[in-house]
Amino acid sequence: MSRLEAKKPPFISEPLTKETLSQSLSLLSEILKSCFGPAGRLKQFHNGVGGYVCTTSQSSAILSHLSVSHPVLSVLMASVQSHISHFSDCGLFTAVLCCSLIENFKSLNVAPCTVVKISKHLLRLCMDYLKSEACGCRVSVDFGSLETLLCLVRSVLTSKPACMLNKLEVDHLTMLILKGFLFTVPCHVETSAVLGKCIIIPVKGRRVVDSTVLPGLLIETPEIQLAKPLAVKRTCSNLIKIALFCVSMSGDLFNPEEGTITVCHGISLEMAELNQLLNVGKQLVKDGVSLVVCQKVIHPSLKQYLKENHIMAVDRAGLSLMEPLSQMTGSKPIASIHSLSPSCYGSLKDVRVESFASKHFVHLIPHYTVVCSLILCNRNETAWDELKRACETAEHVLQLTIKEPLALLGGGCTETHLASYIRHKVCSLPASSFKDMDCSWTQYQLVAGGFCRSLESVACALNHDGGEVLTDMVYGHCWFVPSGFPSISNWSHLVSKCGCGINGNTKNLNWRLLQGQFGSHVIQGCLKDPSVKVADFLALDCFAAKCSGLQVALETANLILDILHVIEDQN
């Protein structure tokens with residue numbers, strides 16, 4: 001067939017020289033910066049024809065709802081979303097830093113290939129410093145003490161303003177999340193340890209302080225009768241034997257799409273299937289099973305048969321509970337009703353009935369707690385959705401921290417400290433370093449300056465009230481001055497603590513303004529390490545997430561700088 005319209009040639013553009021990209025990048029950067037930190041402004045997403053409305057300041061929700069048309073911005077968004085999928089935390093840090101690096105590097109009169117070489121060297125300097133014992137913005141996490149762990153969780157919760165939590169609620173949830181995480185750490189570790197899981201149970205319309213955490217697993221069962229005592233058979237060793245089915249037990253026939261079935265005259269497929277289900281029930285009775293949990297639906301006749309034989313049946317458990325159920329009971333999910341093996345059964349310590357708000361649950365209690373249930377309450381659906389994401393992030397941060405027991409100082413202090421370190425380090429680089437990178441000293445200074453300004457702009461993005469942002473010349477930490485004071489003020493009268501909370505203003509720290517887009521003074525002499533004492537108000541960031549964010553931001557910025565053309569098919 002001939003074409004009705006002639007095929008158009010591909011459209012080729014130069015993205016880094018087009019004004020539209022610069023404007024789009026600047027707009028994206030401003031949106032992300034405005035959401036950053038505990039005082040970040042909320043964003044509301046909805047489409048033009050109604051539907052679900054999302055109010056949030058979290059990167060995972062923002063990036064999933066934002067749609068960008070420029071291919072280069074799509075690369076940036078995809079990189080940050082990939083980071084979030086692996087680390088959960090530091091998504092906005094990564095995105096804001098990446099935007100700032102692109103804007104600062106683009107403004108330099110240095111070839112992109114040279115910028116890439118120099119920035120990779122700067123990244124190596126940063127990573128080597130962060131992973132060294134001499135690092136002044138790193139904190140060791142002692143799992144024998146709760147203080148640092150509580151600071152980590154509290155920092156995650158306080159950075160999500162859409163959760164609408166007060167101090168009492170933050171403290172309550174911090175303890176619950178940490179308690180739930182400790183439940184998931186196995187007590188007996190052999191060659192390799194596998195962390196358990198914390199299942200979040202939604203209860204909306206209740207106070208946050210009504211939230212609680214319980215060992216074991218809660219399965220909602222609306223039809224359960226609370227008035228009657230729960231009598232569950234036990235084995236001679238006082239165990240409750242459980243069978244876990246991941247196949248439908250509803251008696252449904254085969255899907256016609258799976259093929260054709262030939263049936264002899266007088267044979268009822270429905271009765272044959274039901275008889276097979278009842279045979280399964282008889283086998284369960286014979287094997288001394290006390291509890292049956294099915295991922296899907298159990299046929300009413302089989303339910304009745306199990307009930308008559310004092311076997312408790314729970315159906316519609318859902319796919320998400322299969323893995324934690326198997327993990328905490330030791331049972332193997334049974335995928336067929338035509339073969340049962342006694343080795344597939346697991347065991348429980350106890351089974352109870354619990355009630356929260358208007359919901360009824362079966363509470364499965366294991367011998368050793370590796371799975372727990374967090375009953376999470378909040379006043380409305382929007383705040384609950386945001387709080388759920390925050391709790392999942394906090395749990396993931398703790399999981400990452402147990403693998404690498406380190407944390408970085410928050411509140412902008414790691415960014416300003418790193419920028420100060422790089423400025424100091426650059427002054428002492430040997431001439432051979434520039435020769436290896438095939439660049440001049442001037443070019444290196446220009447790129448290093450853009451890199452440091454980008455780090456400092458991330459710290460400045462935490463300030464949403466128009467006050468000044470300072471850094472000190474002793475520790476290189478970040479300080480926030482309340483709005484309404486002139487720039488020539490005596491800073492020591494206006495600031496009490498640095499952004500992370502470690503340093504006070506008791507000494508002459510020789511503050512200077514963070515200059516944002518303009519040049520900053522080089523710190524003379526090596527930075528001092530503050531005496532790190534963990535306090536209740538210390539702001540901490542996940543070490544693994546922030547290191548990854550720094551790498552992803554720089555590598556993505558380098559990738560975008562290296563793009564010469566975008567070729568789009570217009571057909």
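A cavity is a set of grid points where a 1.4 Å probe fits but cannot get out. In this predicted model, the count comes to 3 cavities of 30 Å³ or more. These enclosed spaces are one place to start; the open pocket, the helices and the nonpolar cores follow.

The largest cavity holds about 50 Å³ of space. Its lining is made up of Ile-177, Cys-198, Ile-200, Leu-374, Cys-391, Glu-392 and Glu-395. Two elements each give two or more residues to this lining, namely the strand β5 (197-204) and the helix α11 (381-403). Of the elements, α11 gives the most, with 3 residues. Sorted by class, the lining of the largest cavity has 5 nonpolar residues, 2 charged ones and no polar ones.

The second largest cavity has a volume of about 40 Å³. Around this space lie Phe-93, Leu-130, Thr-414, Glu-415, Leu-418, Leu-455, Lys-546 and Leu-550. Here the elements that give two or more residues are α12 (413-426) and α15 (543-561), and α12 gives the most, with 3 residues. The lining of the second largest cavity divides into 5 nonpolar, 1 polar and 2 charged residues.

Next comes the open space. About 890 Å³ lies in the largest pocket, which is lined by 42 residues. Those nearest the centre of the pocket are Pro-38, Ser-155, Thr-158, Ser-159 and Ala-539. The elements that give two or more residues to the lining of the largest pocket are α4 (91-106), α6, α7 and β19. Among the elements, α6 gives the most, with 6 residues. By class, the lining of the largest pocket has 19 nonpolar, 14 polar and 9 charged residues.

The helix α6 can be checked for length. It covers residues 147-158, and at 1.5 Å a residue its 12 residues should span 16 Å; the end C-alpha atoms are 16 Å apart, so the two values agree. How many of the 12 residues of α6 are buried? The number is 10, and α6 is therefore described as mostly covered, with buried meaning under 20% relative accessible area. The buried residues of α6 include Leu-149, Leu-150, Cys-151 and Leu-152, as well as Arg-154 and Ser-155. Ser-155 is also one of the residues nearest the centre of the largest pocket. Among the elements that cover the buried residues of α6 are β4 (138-140), α7 (167-184), α11, β15 (406-409) and β19 (540-542).

A second helix, α14, can be treated in the same way. For residues 441-460, which number 20, a rise of 1.5 Å a residue leads to an expected span of 28 Å, and the end C-alpha atoms of α14 are 28 Å apart, which agrees. Of these 20 residues 14 are buried, so α14 is largely enclosed by the rest of the structure.

The last topic is the nonpolar cores. The largest nonpolar core has 126 residues. Leu-122, Leu-130, Tyr-444 and Leu-550 are the residues with the most contacts inside this core. Leu-130 and Leu-550 also appear in the lining of the second largest cavity. Apart from neighbours within four places in sequence, Leu-122 is in contact with Ile-422, Val-426, Tyr-444, Val-447, Ala-448 and Phe-451. A second core, separate from the largest one, has 31 residues, including Phe-356, Val-362, Leu-364 and Val-371.

How values were computed. Residues numbered from 1 in each chain as written. Predicted model: local features only at pLDDT ≥ 70, side-chain atom pairs only at ≥ 80, totals over all residues. Heavy atoms only, no water. Core = buried A, V, L, I, M, F, W, Y, C linked by side-chain atoms within 4.5 Å. Buried < 20%, exposed > 50% of the residue type's maximum accessible area, 1.4 Å probe, protein only. Contact = heavy atoms within 4.5 Å. 1 Å grid on protein atoms, 1.4 Å probe; cavity = no way out; pocket = protein on both sides within 12 Å on 5 of 7 lines; lining within 4 Å. Points joined across faces, edges and corners; volume = space filled by probe spheres on them. Helix = DSSP H or I, 4+ residues; strand = E, 2+ residues; numbered from the N terminus. Nonpolar A, V, L, I, M, F, W, Y, C, P; charged D, E, K, R; others polar. Expected span 1.5 Å × (residues − 1).
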